[in-house]
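Trainee: I have a chain open on my screen and would like to work through it by question and answer. Where should we begin?

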Amino acid sequence: MVVAGFATAVAAGTGLLMLPVAKAGPGGAGAVDALFTATSSVCVTGLIVVDTPVYWSGFGQAVILGLIQVGGFGIMTFASLLVLLVSHRIGLKARLTAAAETKTLGLGDVRSVVTGVVKVSLLLEALTALVLALRFATAYDEPWPRSVWLGVFHAVSAFNNAGFALYSDSLMGFATDPWICLPIALAVIAGGLVALMFIGRLGPITVASALALRSRVRLYDLPEERPVIG
């Protein structure tokens with residue numbers, strides 16, 4: 001099902017990127033370029049075969065952004081569900097330890113896990129986009145609509161560790177600007193941790209201690225009973 005979901009997203013993205021409206025110049029994108037870009041976007045690899053800000057139109061860039069978001073949500077949600085599955089295989093003692101932190105651990109919580117990942121992701125992306133948009137508008141004299149678009153695109157790309165940028169030199173031109181580099185760096189780190197740490201649901205310390213408890217073998221000395229005759 002996971003593979004089918006990613007394949008469907010890649011196929012849909014390829015079709016949209018092949019539309020003439022997705023390309024900045026005349027005509028539509030080639031099938032190979034569209035397929036490669038869609039796959040790279042969904043799998044958040046950051047690899048490109050064409051210059052993103054030059055080759056793709058605003059519509060094409062929006063398609064890429066949507067594919068990054070879908071791929072990022074899929075990876076983070078899958079990772080969160082794996083944590084839940086692992087928590088069901090670490091024994092009763094470990095599960096009780098985990099329950100002390102999480103209050104509840106069950107496959108019935110799948111919906112809340114997915115919802116939590118989406119909410120936290122969108123909130124952190126929005127905060128990052130706000131900081132970036134303000135910086136682009138005030139320090140680089142970008143018009144507000146373009147500043148907002150730059151902020152949103154780079155926030156989503158950073159949070160999902162996608163590596164796409166709307167500048168031909170990536171973000172090298174902002175290497176000395178902490179108001180651009182630091183929010184993006186923090187978004188990259190947050191995006192890598194949210195699947196495991198979202199809303200404190202299951203921290204890495206709990207998982208490690210639970211696994212340690214599972215592997216620990218305890219021996220008990222039982223009192224020796226002697227039968228009483230007579």
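Mentor: Begin with the core, and keep in mind that this is a predicted model. The largest nonpolar core has 35 residues. Helices H1 (2-17), H2, H4 (58-87), H6 (110-139), H7 and H8 each give two or more residues to this core.

Trainee: Which element gives the most to this core?

Mentor: Several helices share in it, among them H1, H2 and H4. One element supplies six residues, the most given to this core, and that is H7.

Trainee: Which residues have the most contacts inside the core?

Mentor: In soluble globular proteins, nonpolar side chains tend to be buried together. Within this core of 35 residues, those with the most contacts are Leu 17, Trp 56, Ile 64, Ile 68 and Phe 136.

Trainee: What does Phe 136 touch, leaving out residues up to four places away in sequence?

Mentor: Some partners of Phe 136 are buried residues of H7: Ser 147, Leu 150, Gly 151 and His 154. The full set is Asp 141, Glu 142, Ser 147, Leu 150, Gly 151, His 154, Tyr 167, Phe 174 and Ile 180.

Trainee: Where is Tyr 167 placed?

Mentor: Tyr 167 is in contact with Phe 136, and also with Pro 53, Glu 142, Leu 150, His 154 and Phe 174, its neighbours within four places in sequence set aside. Its C-alpha is 7.7 Å from that of Thr 52, although the two are 115 residues apart in sequence. As for its place, Tyr 167 is in the loop between H7 (144-159) and H8 (178-197).

Trainee: What span should H7 have, given its number of residues?

Mentor: H7 has 16 residues, and the rise is taken as 1.5 Å a residue. The end C-alpha atoms lie 22 Å apart, which agrees with the expected span of 22 Å.

Trainee: Which residue follows H7 with a positive phi?

Mentor: H7 itself has buried residues that include Phe 153, Ala 155, Val 156 and Phe 159. After the helix comes a residue with a phi near 55 degrees, Asn 161.

Trainee: Which residue just after H2 takes a positive phi?

Mentor: H2 covers residues 31-42 and reaches 16 Å from first C-alpha to last, close to the 16 Å expected. Its buried residues are Ala 34, Thr 37, Ala 38, Ser 40, Ser 41 and Val 42. The positive phi, about 45 degrees, belongs to Val 44.

Trainee: How many disulfides does the structure hold?

Mentor: A disulfide is a covalent bond between the sulfur atoms of two cysteines. Cys 43 has 35% relative accessibility, so Cys 43 counts as partly exposed. Cys 181, at 29%, is also partly exposed. The number of disulfides in the structure is zero.

Trainee: How many helices and strands are in the chain?

Mentor: From the N terminus on, the elements run α-α-α-α-α-α-α-α-α. Of the 230 residues, 38% are buried. The count is nine helices and zero strands.

Trainee: Where is confidence lowest, and where is it highest?

Mentor: The chain averages a pLDDT of 80, and 67% of the residues score at least 70. Confidence is lowest in H5 (residues 91-102), at a mean of 47, and the highest value, 97, belongs to H7.

Trainee: How many contacts does the model have for residues 198-207, beyond four places in sequence?

Mentor: The pLDDT of residues 198-207 stays under 50. For that stretch the model has 27 contacts.

Terms used: Residues numbered from 1 in each chain as written. Heavy atoms only, no water. Helix = DSSP H or I, 4+ residues; strand = E, 2+ residues; numbered from the N terminus. Buried < 20%, exposed > 50% of the residue type's maximum accessible area, 1.4 Å probe, protein only. Expected span 1.5 Å × (residues − 1). Disulfide = S-S within 2.5 Å. Contact = heavy atoms within 4.5 Å. Core = buried A, V, L, I, M, F, W, Y, C linked by side-chain atoms within 4.5 Å. pLDDT = per-residue confidence, 0-100.
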